[in-house]
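User: Could you walk me through a structure, one question at a time? I would like the reasoning along with each result.

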Amino acid sequence: MMLAAQQALARSKAGDAQVQAWVCLADESAVAQSGTGGLAGAGFGVKDVIDVAGLPTRSGSAAESAEPARRDATCVAQLRAAGAMPIGKTVTAEYAYVTPGPTRNPRNPAHTPGGSSSGSAAAVAAGMVDMALGTQTGGSMIRPAAFCGVVGFKPTFGRVHRQGMHVLCDSLDTIGWFTRDVEQSQQVASVLLPGSAAPRPDRAPRVALVTASAIGDLSDAARTALNDCAAVLREQGAHITAPEVDGDLQTLLHIHSQTMLAELARGLLPVALGAQGSLLSPALRAAVDRGLAIPYAEYVALQHRRVQLAREWQARFGDVDFIITPSAPSEAPEGVRSTGSSLFNRIWSLLGWPALHLPTGCADNGLPVGVQWVARTDEDQALLGWARQLHCVIRGAFLSAPERIRD
């Protein structure tokens, strides 16, 4: 009998011509051995900014070496120790920034899968693998999860070890994962965020609704998804509040933008100044130039303000179990030259809070929509626990309401 990893490899080889989720796939012999542990035999994809022994890490750029990595990244080694097998490297935008790779959205190839973790999200959405690793600096996990209609989880910053990852933005880059459902996400969390899961409270949740309307508009389908999620939670007894946060949002976005540019520029400086610098895209070279133009004193001042706001927000949401907020401004935009907007993800990446995309249904055009759930620092397991308890109820309510969102 074929192992699940072998089946995943076979599906990926057979079904990737249109989706183009994979940069390279492992040899069959590499996934033929049966691992032991809670994920025994499972196959998973790895975003091509994370090392897998025996496969190259190109970061979506010809500027990187095609030599195979000598060892696994820590997160890959942890999953391998739990019995799972990496079956290949998934497409990323160039250096996990904005220039997309060739991946298409499995739900409609004429639309973007999002990014930068495009290949990982698409591989799960297409049914090639049940789980895949990605990374997020701004919205690179939550946005493609939303566009492709899968569960995407970005844990608390710094809790998943980044050894073996090509880190560019040192205070933002976070390793996360895509799965087909919340239970699978919890299984991955049990490996990469070891420790007992938080007990489920014997009460209805306390929820904050953050529409973030001050920073962007929503499509009809995205607005309906958010409002209907709130309505179903109320029906389940949730106490929902709508705290006033609009005054901080633009400041948080500005800090995120400048922090990302300053750190990305310094992280890419050896490449930009080296012999391979000409192989960088014009968009990435321009970002490096903008980042290098940010004075160090300004960067430091922004980090002090960031710490202050993080403390204020931690206190402001102290009596909330989780936040519901948009995952993306709309369903996946048409075209594949852009990965779409990460506007509604960046503040949570800056704060370093765990964020989860939950698919809920589809818009009239058949493209997925859903909602982003966020919790405070180190409440990852509790967030996943609430989601496992409530996601099926929310999704079921949407499925029974075809006049609102069809799936």
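Analyst: Happy to! Helices and strands here are DSSP runs, numbered from the N terminus; helices have at least four residues and strands at least two. Please keep in mind that this is a predicted model.

User: With that in hand, in which loop is E64 found?
Analyst: The elements to look for are strand β2, residues 43-47, and helix α2, residues 74-81. E64 is found in the loop between β2 and α2.

User: Which side chain of opposite charge is nearest to E64?
Analyst: E64 is buried yet has no salt bridge. A salt bridge needs a side-chain nitrogen of Lys or Arg within 4 Å of a carboxyl oxygen of Asp or Glu. The nearest candidate is 6.8 Å away from E64, and that side chain belongs to R58.

User: Which residues does E64 touch, not counting those up to four places away in sequence?
Analyst: With those sequence neighbours set aside, R58 is again on the list for E64. The full set of residues that E64 touches is T57, R58, S59, Y95, H166 and V271.

User: Turning to the whole chain, how many helices and how many strands does the protein have?
Analyst: Counting by the DSSP runs described above, the secondary structure comes to 11 helices and 11 strands.

User: What radius of gyration does the protein have, and what would a compact globule have?
Analyst: The C-alpha atoms fill a box of roughly 60 × 55 × 40 Å along the principal axes. For 407 residues, a compact globule would have a radius of gyration near 22 Å, and the protein agrees with that, because its own value is 20 Å.

User: What share of the residues counts as buried?
Analyst: The cut-off is a relative accessible area under 20%. As for the surface, the protein exposes about 15,700 Å², with carbon and sulfur atoms supplying 50% of it. Of the 407 residues, the share that counts as buried is 56%.

User: How many salt bridges does a search of the whole structure find?
Analyst: Side chains of opposite charge can pair when their charged atoms come close. The protein has 34 positive and 36 negative charges, and their mean positions are 2 Å apart. The search of the whole structure finds a total of salt bridges equal to 11.

User: How many residues apart are R159 and D378, which meet in a salt bridge?
Analyst: Their side chains meet with N to O at 2.6 Å. This pair links distant parts of the chain: R159 is in the loop between β5 and β6, while D378 is in the loop between β11 and α11, so the separation is 219 residues.

User: Is D378 buried, partly exposed or exposed?
Analyst: D378 also has a positive phi of about 65° although it is not a glycine. Its partner R159 has a relative accessible area of 43% and is partly exposed. D378 has 45% relative accessibility, so D378 counts as partly exposed.

User: Which residues are linked with D321 in a network of salt bridges?
Analyst: D321 is buried, with a relative accessible area of 11%. The side chains of R203 and D321 meet at 2.7 Å, N to O, and D321 also forms a salt bridge with R206, with the closest N and O atoms 3.6 Å apart. D321 lies in the loop between α9 and β9, and R206 in strand β7, 115 residues apart. The residues linked with D321 in the network are R203 and R206.

User: How many of the eight residues of helix α3 are buried?
Analyst: Helix α3 spans residues 118-125 and is mostly covered. The buried residues include S118, A121 and V124. Of its eight residues, the number buried is seven.

User: What is the omega of the peptide bond from G115 to S116?
Analyst: Most peptide bonds are trans. The one from G115 to S116 is cis, and S116 is found in the loop between β3 and α3. The omega of this bond is near 10°.

User: What is the phi of Q20?
Analyst: Most residues other than glycine have a negative phi. Q20 lies in the loop between α1 and β1 and is partly exposed, because its relative accessible area is 32%. Q20 is not a glycine, yet its phi is positive, about 55°.

Terms used. Residues numbered from 1 in each chain as written. Predicted model: local features only at pLDDT ≥ 70, side-chain atom pairs only at ≥ 80, totals over all residues. Heavy atoms only, no water. Buried < 20%, exposed > 50% of the residue type's maximum accessible area, 1.4 Å probe, protein only. Lys, Arg positive; Asp, Glu negative; His and termini not counted. Contact = heavy atoms within 4.5 Å. Rg over C-alpha atoms; globule rule 2.2 N^0.38 Å. Areas by Shrake-Rupley, 256 points an atom, 1.4 Å probe, with all protein chains shown as cover. Charge placed at Lys NZ, Arg CZ, Asp CG, Glu CD.
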